[in-house]
Amino acid sequence: MTSTTRKPRVLVIGAGFGGLAAAHELFRDGLADVTVLEKAGDIGGVWRENTYPGAACDVPSNLYSYSFARKTDWGRRYAEQPDILGYIHDTAARFGLRDLVRTGVEVTAARYDDDTATWRVETASGEVLEADVLVPAVGQLSRPAFPNIPGLDTFAGPSFHSAQWRHDVDLAGKRVAVLGTGASAIQFVPRIRETAGRVTVFQRSAPYVIPKPDRAYTGAHHAAFRNVPGFTAAMRGLIWEISEFFGLALTKVAPLAWLIGVVASLNLRHHIKDPVLRAKLTPDYPVGCKRVLFSNDWYPALASDNVDVETGAITEVTPTGVRTADGRLHEVDVIIYGTGFKATEFLAPMTITGRGGRDLSAEWAEGARAHLGMAVPGFPNMFLIYGPNTNLGSSSIILMMEQQARYIRQITEELARGGVARAFEVRRAVEQAYDAEVQSRLDAGVWTTCDSWYRTASGRVTTNWPGLVHEYQRRTRTAVLADYEVVLPERAAEKVGA
């Protein structure tokens, strides 16, 4: 156990993969007094919320799991939503994390108290909690985004976002409009078209789609994972290196991006024989500018007799359907929005107030930014999980989250020493230098070449990390305390000055 003279109180906001990773790292060995606040009725984050038909991960399950809780009995190479959610529940129970979580508690505001060097956190019920360390872990993909189209609220039939799936709505024989062709739509459209009468997919831009090397794991696989020494670790390591190689195509090595484009083109040609439909489904932007998608059934679904692809701009939603720019009204019974998330609106709608009354939304008026994606100048002892510029174009985000949790643990260990209240605040010059480097690298990369959910309205990329996971882990392996200034409670500082 770490030698300490005080036990920091830590409040983690969010009980998804990131929040639970932070809780595990800070709770183990009794380092800190950890409480996790979750606004929903259960743990699981995006894997609790996204229950649409076909929901699954596009990262191999061996890698999309905690390093401290490797699972040997995944059902498939690419796990489906129920399996992932079950893994989260099992892991939380196994490591005592579920007991740290308070569900049904929505955080509305957090304010740093200069006098005591602590955070005061307010909930929707009016409760006020205090903590020495605040760890927002609400993620980038937690708030559904709806398109800005006139008449959205006028539609007379059922309409819902894919992340808020209405399982009470029977799609059998119905005319269904699907808005969006992103990572969620390519999973649920092939499923719903099997029972729906007709599905019209409204596409703003065509994604690059490459085959998904998925398969069910056999008993032999499970036996090897369970009984062969080092096999699970070796498989995880191999998948990691392959994903890093794929990441090079998006960050550094243009010929690899070209190769991905060739694979995507061959995949399209193999499945789509109709030249008109193939033209609609051909991307008109560089590989990787938007998320590259994996699917074996997206193109066959779009080529089926009861699916139409509409590329005309939507001008309005009416009580009976969707109108496009050519004036045509596409009459439908149900509308499903596969339009993604408000990924660039970090920590919204919470109000976060830092030292000296600083408003985080004002600090981030030109786009969210944080040193190493975790620390913000003016907000002592606040460390984000899955914060600005820590998303990945490839590989497993859990690798990033775990590394952030280890980094935060190091700071918390320092806070535990000495027996006095204090806070660590990243130096503004350090954060500015880091942000300048990250943005410079992003400006030279593919993610600035088209509009996507990676970017703000001004064009700044606030979501993605411009390098590989290995680089991020190296840079965050040791918390450099010289990057921070120690902030004492003002009451204590006054006594020192006296």
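Select D29 in this predicted model: D29 is partly exposed, with a relative accessible area of 39%. Add R28, which forms a salt bridge with D29; their closest N and O atoms are 3.1 Å apart. R28 is likewise partly exposed, at a relative accessible area of 32%. This pair belongs to a total of 35 salt bridges in the structure.

Next, select R428 and E363, whose closest N and O atoms are 3.7 Å apart in another salt bridge. R428 lies in helix α12 (residues 428-443) and E363 in helix α10 (residues 360-363), so this pair ties together parts that are 65 residues apart in sequence. R428 counts as partly exposed, at 36% relative accessibility, and E363 counts as partly exposed at 31%.

For a network of salt bridges, select R6, R9, R120, E130 and D132, which are linked in this way.

Proceed to helix α11, residues 397-416. The 20 residues of α11 reach 29 Å from the first C-alpha to the last, close to the 28 Å expected at 1.5 Å a residue. Is α11 mostly covered or mostly uncovered? Of its 20 residues, 17 are buried, and the helix is thus mostly covered. Within α11, display the side chains of E402 and R406, which meet in a salt bridge of 3.5 Å, N to O. These two residues are four apart, about one turn of the helix. An α-helix has 3.6 residues a turn, so residues three or four places apart point the same way. E402 counts as buried at 6% relative accessibility, whereas R406 is partly exposed at 28%. Just after α11, G418 takes a positive phi of about 100°.

Now turn to the nonpolar interior. The largest nonpolar core has 84 residues, and F17, L20, V34, Y64 and I84 have the most contacts inside it. Helix α11 supplies the largest share of this core, 10 residues. At least three residues of the core come from each of domain 1 (9-43 + 97-143 + 344-494) and domain 2 (159-216 + 254-337). Apart from this core lies another, of 29 residues, including F160, V169, L277 and W298. Select I84 to inspect its surroundings: beyond its neighbours within four places in sequence, I84 is in contact with F17, W47, C57, Y64, W74 and A79.

Finish at helix α5 (residues 219-227), where the buried residues are H222, A224 and F225. They cover an arc of only 160° around the axis, which puts them on the same side of α5. On the other side, G219, A220, R226 and N227 are exposed. Select α6 (231-251) as well, since α6 is included in what covers the buried residues of α5.

Notes
Residues numbered from 1 in each chain as written. Predicted model: local features only at pLDDT ≥ 70, side-chain atom pairs only at ≥ 80, totals over all residues. Heavy atoms only, no water. Buried < 20%, exposed > 50% of the residue type's maximum accessible area, 1.4 Å probe, protein only. Arc of directions from axis to C-beta. Contact = heavy atoms within 4.5 Å. Expected span 1.5 Å × (residues − 1). Core = buried A, V, L, I, M, F, W, Y, C linked by side-chain atoms within 4.5 Å. Domains from an automatic or database assignment. Salt bridge = Lys/Arg side-chain N within 4 Å of Asp/Glu carboxyl O.
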